[in-house]
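Here are my notes for you, written as numbered points. Keep the viewer open and click along as you read.

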Amino acid sequence: MRRPWFATIVCVIGLGLIIQANITQAGLEDVLYEKGQLTKEEWIKAKADNEKTTDEQDKKLDEKFPVKTSYDRKNGLEFKSRDGNFAMQLGLRFQFRYSYPQESDSLKPADPLDNDDKDVSSFRLRRARLKIGGHGFQPWLKYYFEYDFPVNTLLDWRVDVAKYKWATLRVGQWKVNYNRERVDSSGVQQFADRSIVNAPFTLDRQVGAMLSGHLFESTPAYVIYHVGVFTGLGLQQPHNDDKHMLYIARLQWNFFGRDLPFSQSDTDYTENPTGSLAFAGAHNRSDRCNPTTLSCNQPTLIRPTGVVDGQFEINQAVEEVAFKYRGFSLQHEFHVKEVVNKSTAARTTSLGAYAQAGYFPHYMVDFIPQPLEVAFRYAFVDPNDTVRNDVLREQTVAINWFFAGHRNKLTLDASHLTQEGGVSPVDRVRLQWDISF
């Protein structure tokens, strides 16, 4: 066992001596030329010989160590082959939260019997995730995995064939490209979590395939499209309950001709106004639809007793606007969803919407620290448009402090949540530290 270690140490020392000798040699050539002991021709030849030697040594290093390692704020730790055909980014993210007097945006009154007692004060590791992404064989053959430790679940696994921007194929499991608030990572949000609109209208993560593309870039006609087909039962559901699939379509118009990434808050101070207008629709048949929380197609839902395959037909649509400009950000969504119970012919139409805006006041008042952002959100959910006095509402204010953009930030938000049926409103406070490595 000692000989390999000894040989390794000798090689490292030898390599260091060679590099040091090259540095010394390079400096000696310049010194001799400055003192007139070398002619210009001799100096140029010496330089050329030295560069040739350096290139040969670099080539030998490439053969022995074909992988380069680097780190940046966007991708984290990256391993990349020297020919550029293989790459892997490795990232970790932690989200540590304090909340009082409730943890989530529940759409029903508190019930201590189902572990939803809101009168609690708690610390929680809300998210702890390992992210692995990159490409293989070609830069346009991309892959991505995301695992969450608190729920012990593989959230994302997908492969993109992205050779052409106008037609990219994706297969695997990921958050369906339906609406911005859900697709926005929990690590790039303006508040501690998504609005009360998310739970009843989200399509969540699904297993399937999608075709998307960018058309007419850098023009006022710049559009991005997504069309996909999915199993339709949600996260980690390998089998469908019937022959019907989930179909989605989304069209986004970037009316200024510039991309608007799925990320909240204008942390990069967008110099030119950038905005988008989008419409999306979805159709599905499912055996999992919870009338209490309005949720459908989510893996946490258990098929109720007596429900048959494909009993619920779900049709929904969303309109969406987003905008960023010089520290100011705005986004809004309006949802409508119709659920038809095929066994009873009962039909329920739900509505929901939110609007939120944020600003870095430093750009208006210099003495206010630049990392500070203030934000406000209003949201409502109408579970059944034929029933009165059942609307739920959310009003939330937030203060963000960005240590390193969204990769290291502190969020404090306070909400006033109005429940249905005359239940007393709930005031909630959350403090959250989100950090990515």
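1. Let's start with a pairing you can find quickly: glutamate 78 has glutamine 89, in strand E3, as its bridge partner. Glutamate 78 belongs to this picture because strand E2 covers residues 76-81 by the DSSP runs. E2 and E3 pair in the antiparallel sense, over four bridges. Five residues sit between the two strands of this hairpin, and glycine 84 there takes a positive phi near 80 degrees. Bear in mind throughout that this is a predicted model.

2. Now the big picture. The protein has four helices and 20 strands. It has 437 residues, and 43% of them count as buried. Take the contacts between residues at least 6 apart in sequence: 58% of those join residues at least 24 apart. The accessible surface comes to about 23,200 Å², with 63% of that belonging to carbon and sulfur atoms.

3. Stay with E3 (residues 87-100) for a moment. In a regular strand, side chains alternate between the two faces of the sheet. Which side chains of E3 point to the buried face? Ala87, Gln89, Gly91, Arg93, Gln95, Arg97 and Ser99 do, and they are buried. Met88, Leu90, Leu92, Phe94, Phe96, Tyr98 and Tyr100 point to the other face and are not buried. Have a look at the names in each set: in soluble globular proteins, nonpolar side chains tend to be buried together.

4. E3 has further partners. Strand E4 (residues 122-135) runs antiparallel to E3, and 13 bridges join them. As an example, glutamine 95 stands opposite arginine 127 in E4. Strand E20 (residues 426-436) is also antiparallel to E3, with eight bridges. There, tyrosine 100 has valine 429 as its bridge partner.

5. Next, some backbone oddities. Most residues other than glycine have a negative phi, and most peptide bonds are trans. Tyrosine 100 and proline 101, however, are joined by a cis peptide bond, with omega about 0 degrees. Proline 101 lies in the loop between E3 and E4. Phenylalanine 137 is not a glycine, yet has a positive phi of about 70 degrees; you'll find phenylalanine 137 in the loop between E4 and strand E5 (141-148). Phenylalanine 216 also has a positive phi, about 60 degrees, and lies in the loop between strand E8 (205-215) and strand E9 (223-230).

6. Are those two phenylalanines buried or exposed? Phenylalanine 137 has a relative accessible area of 58%, so it counts as exposed. Phenylalanine 216 is at 54%, so it is exposed too. The cut-off behind both calls is over 50%.

7. Where do nonpolar side chains gather? The largest nonpolar core has eleven residues, including Trp174, Leu203, Met210, Phe230 and Val318. Strand E10 (246-253) and strand E11 (274-286) are the elements that give two or more residues to this core. There is also a second, separate core of nine residues, among them Phe201, Ala379, Leu417 and Val426. Back in the largest core, click on methionine 210: among the residues it touches are Thr168, Arg170, Trp174, His226 and Phe230.

8. Threonine 396 deserves a stop. This residue is in strand E18 (residues 392-402), and its relative accessibility is 0%, so it counts as buried. What does its side chain make polar contacts with? One is the side chain of glutamate 394, at 2.6 Å, and another is the side chain of serine 415, at 2.6 Å. Threonine 396 also touches Phe191, Ala375 and Arg428, among others.

9. Glutamate 394 leads us on to charged pairs. Glutamate 394 forms a salt bridge with arginine 377, with the closest N and O atoms 2.9 Å apart. The pair links E18 to strand E17 (residues 372-382), 17 residues apart. Both glutamate 394 and arginine 377 are buried. Arg97, Arg126, Arg127 and Asp193 are joined into one network by salt bridges that share partners.

10. Finally, the protein's salt bridges come to 18. In one of them, glutamate 313 meets lysine 342 at 2.8 Å, N to O. Glutamate 313 is in strand E14 and lysine 342 in the loop between E15 and E16, so the pair ties together parts 29 residues apart in sequence. Glutamate 313 is buried at 16%, whereas lysine 342 is partly exposed at 44%.

Note on methods. Residues numbered from 1 in each chain as written. Heavy atoms only, no water. Core = buried A, V, L, I, M, F, W, Y, C linked by side-chain atoms within 4.5 Å. Buried < 20%, exposed > 50% of the residue type's maximum accessible area, 1.4 Å probe, protein only. Contact = heavy atoms within 4.5 Å. Polar contact = N/O pair within 3.5 Å; in protein donor to acceptor, adjacent residues only side chain to side chain. Pairing = 2+ DSSP bridges. Areas by Shrake-Rupley, 256 points an atom, 1.4 Å probe, with all protein chains shown as cover. Salt bridge = Lys/Arg side-chain N within 4 Å of Asp/Glu carboxyl O. Lists of a residue's contacts leave out its neighbours within four places in sequence.
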